[in-house]
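Trainee: Please take one part of this model and go through it closely. I would also like to know where to be careful.

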Amino acid sequence: MRVATWNVNSVKQRIPRLLPWLDERRPDVVCLQETKLSDDVFDTVLGPEFTDRGYEFAHVGQGQWNGVAILSRVGLSEVRRGFDGAPGYPDPESTPEARAVSAICGGVRVYSLYVPNGREPDSDHYRYKLAWLDRLREVVAPEAATTMLCGDINIAPADADVFDPKAYEGHTHVTEPERAALAGLEDLGLTDVVRTRWPSERVFSYWDYRAGMFHKDLGMRIDLILAGADTAPRVAAAWVDRAARKGSKPSDHAPVIVDLDDAPDGDIGPMVPPPSNPARRGSSKVSLPQAKDVGPGRASS
């Protein structure tokens, strides 16, 4: 079973890239984030294309902000839109944002997650991010062994997961409380399968659009697949499909792909294809280009 996660940064804009990618990589389960469509529009625009390719799907949309989806060709049952007790923003009692959807796919509870960005350390949105992750951990704990958490987690697990730790000083994604929240999920027995497969390799999943960051391979690894104890031993390959970030009008994220039991493309990775001329760590002297939040609930990364 091939499981993939991809922050498409507006699925409607990415249709000319998404559909050929589905035909090429043929994932069995696909988790999408930042769809930026309502449920009705998602169903109308993309539903027939997915159905023609054999996918059932579930989408949780919020119009122009956020939005997550799961596509599956191996069954889609017990769909949960959001998760119990998820805090809202700007007030915890607000209606939860469209940041989570899960379902049983091929016998595994798969989550598509778009974790809040946090914006600035110690801000209200940062505290919201930590509260959201804390509640997610509580919800996942009873069924962690049979769960896969997939998505834009908006946390770089370690300094090795950013192009230059000094460039991120004072920013979100790398602070100790965020990393502790992620470690709390791993403490449930969930495994970061890409890093486990490639423990010392340079591997990123996100590159800012500006300043030639992608071509210099000045990125971050914030798109993760965490597999429970029943699923992690089945991993035959785990890699970032960097080819999907190349070319015309890409998302700023690349898909992460995990093959269970069988690896159709072989045990390749960690990034396919590898960058041709990456800047050396700490040598670029590039200041971090940070995307601006552009609306309520926006979690740019």
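Mentor: Over residues 291–301, pLDDT (the predictor's confidence in each residue, from 0 to 100) stays under 50. For that stretch the model has 43 contacts (heavy atoms within 4.5 Å) beyond four places in sequence. Where pLDDT is low, predicted coordinates should not be read in detail. The chain's mean pLDDT is 94, with 93% of its residues at 70 or more. This is a predicted model, in which local features need pLDDT of at least 70 and side-chain atom pairs count only at 80 or more, while totals for chains, interfaces and linings use all residues. Residues are numbered from 1 along each chain as its sequence is written, and side-chain values use heavy atoms, with hydrogens and water left out.

Now the part itself, helix 2. Helices (H or I, at least four residues) and strands (E, at least two) are DSSP runs, numbered from the N terminus. Helix 2 covers residues 39–52, 14 in number. From first C-alpha to last it reaches 19 Å, close to the 20 Å expected at 1.5 Å a residue (1.5 Å times one less than the number of residues). At L46, shortly before the proline P48, helix 2 has a kink of about 55° (the angle between axes fitted to the seven residues ending there and the seven starting there). L46 is also buried, as are F42, G47 and F50 (under 20% relative accessible area, 1.4 Å probe, protein chains only). The cover over these buried residues includes helix 1 (15–25), strand 3 (56–60) and strand 4 (68–72). Just after helix 2, G54 takes a positive phi of about 90°.

Methods:
Buried < 20%, exposed > 50% of the residue type's maximum accessible area, 1.4 Å probe, protein only.
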